[in-house]
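Me: I should like to go through the terms applied to this structure and see what each one rests on. Please set each value against its definition.

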Amino acid sequence: MEALTSAAARSYGRIVRLFKKLKNLGFKTYETLYQTYVIPVLNYAAEVWGYPDYNSPQVLQNRVSRFFLGVHKFTPVPATQIEMDWLDVRYLRWIDMVRYRNKLVKMSEDRLPAIINRWDKSLNTQAWHSQVSQVLAYADVLPENENDYVDIDALSSHLKVLNRNKWFVNAQTKSKLEVFLEVVDRDNQQVVVRSNLSRRRRSLVTKIKCGVLPLIVETGRFKNTPRELRLCQICEENQIETEYHFLFDCPRLEGVGEDMKNDFTDIEGYSDLTHAEKMKNLLQSNRVIRFSKHLDIMFETRRKFMYTVEEENRNVAHVSQVPQVSQLS
Ligand SMILES: [Zn+2]
């Protein structure tokens, strides 16, 4: 298992190098490269061993997802899974198992795999045959007769539904994902990845959506600052610098915020919408490219203000040291 995962990690490494060289490769290409070069190594012979829940292949897939999204490893996993909308590796292996089962039921009885299969079935234990039955029952695609084909498309789409539900249930346990759960479009999960954004802007949009853009609400976590003290540093409002404060409420960013607002006159009653509704609208497929441009400008403007704040803090620290120096002389 570990050997397969590290072999797959090497294939993935080659793709990353290619991806870095070619710069802005689209989602479709990335997905195809992953499915063609990494998954077959990762799931080699998975029709035989694929049932249990191994951790390392999924960890690799999560890494592959984070690289495309442009987010760091502290990004909550369920959010990256929802954004990519790729089936978990375990479910991909289950599909391989059922595909192989389809082959076995039509195989002539004197062939070795068929003989082994009958023997395995006769064991009545938690062996391969019973694992396949569990998969079929779980995905609700048990055939009427034991020797019927199982429709692989139906299996895949049922697993997809179950998988998505699992991601959303997991997302609800992550405090960072409060905004994410308010703004994510459950019916169009791949909007950001499919939007042909530049790497930089895809990363910015994904970060603000997944609660990991380095605003004070997020950076304060790493410094153990209580949430109510993670205040915006660039204005005097004493507000927590949340994603919503940054995007819609910070008076220091009013100018660039106004530009953004003027660019979205197509959103009806924009000013009256709640923060979450506004952001949800901005993240729709017909607007996300425009939104990413404004987000880029806003974050850059914030960065400049933050730099000034930090400079001032440094100067204050410097001044307070002066008396100590004079005491020495
Ligand atoms: Zn502010």
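Reply: Asn224 sits in the loop between helix H12 (216-222) and helix H13 (243-249); helices here are DSSP runs of H or I with at least four residues, numbered from the N terminus. This is a predicted model, in which local features need pLDDT of at least 70, side-chain atom pairs count only at pLDDT 80 or more, and totals for chains, interfaces and linings use all residues. Residues are numbered from 1 along each chain as its sequence is written.

Me: Why is Asn224 called exposed?

Reply: A residue is buried if 20 or more other C-beta atoms, placed from the backbone, lie within 10 Å of its own, exposed if 12 or fewer, and partly exposed in between. Asn224 has 6 such atoms within 10 Å, so Asn224 is exposed. Its phi is near 60°, a positive value in a residue other than glycine.

Me: What makes Ala45 count as exposed?

Reply: Ala45 has 11 C-beta neighbours inside 10 Å, and therefore counts as exposed. Ala45 lies in the loop between helix H2 (27-42) and helix H3 (46-49), and has a positive phi of about 60° although not a glycine.

Me: Why is H4 called roughly perpendicular to H5?

Reply: The axes, lines fitted to C-alpha atoms over the stretch in contact, give angles from 0 to 180 degrees between N-to-C directions. Those of helix H4 (residues 56-69) and helix H5 (residues 77-84) come within 10 Å and cross at roughly 70°. Angles of 65 to 115 degrees count as roughly perpendicular, under 35 as roughly parallel, over 145 as roughly antiparallel and the rest as oblique, so H4 is roughly perpendicular to H5.

Terms used:
Helix = DSSP H or I, 4+ residues; strand = E, 2+ residues; numbered from the N terminus.
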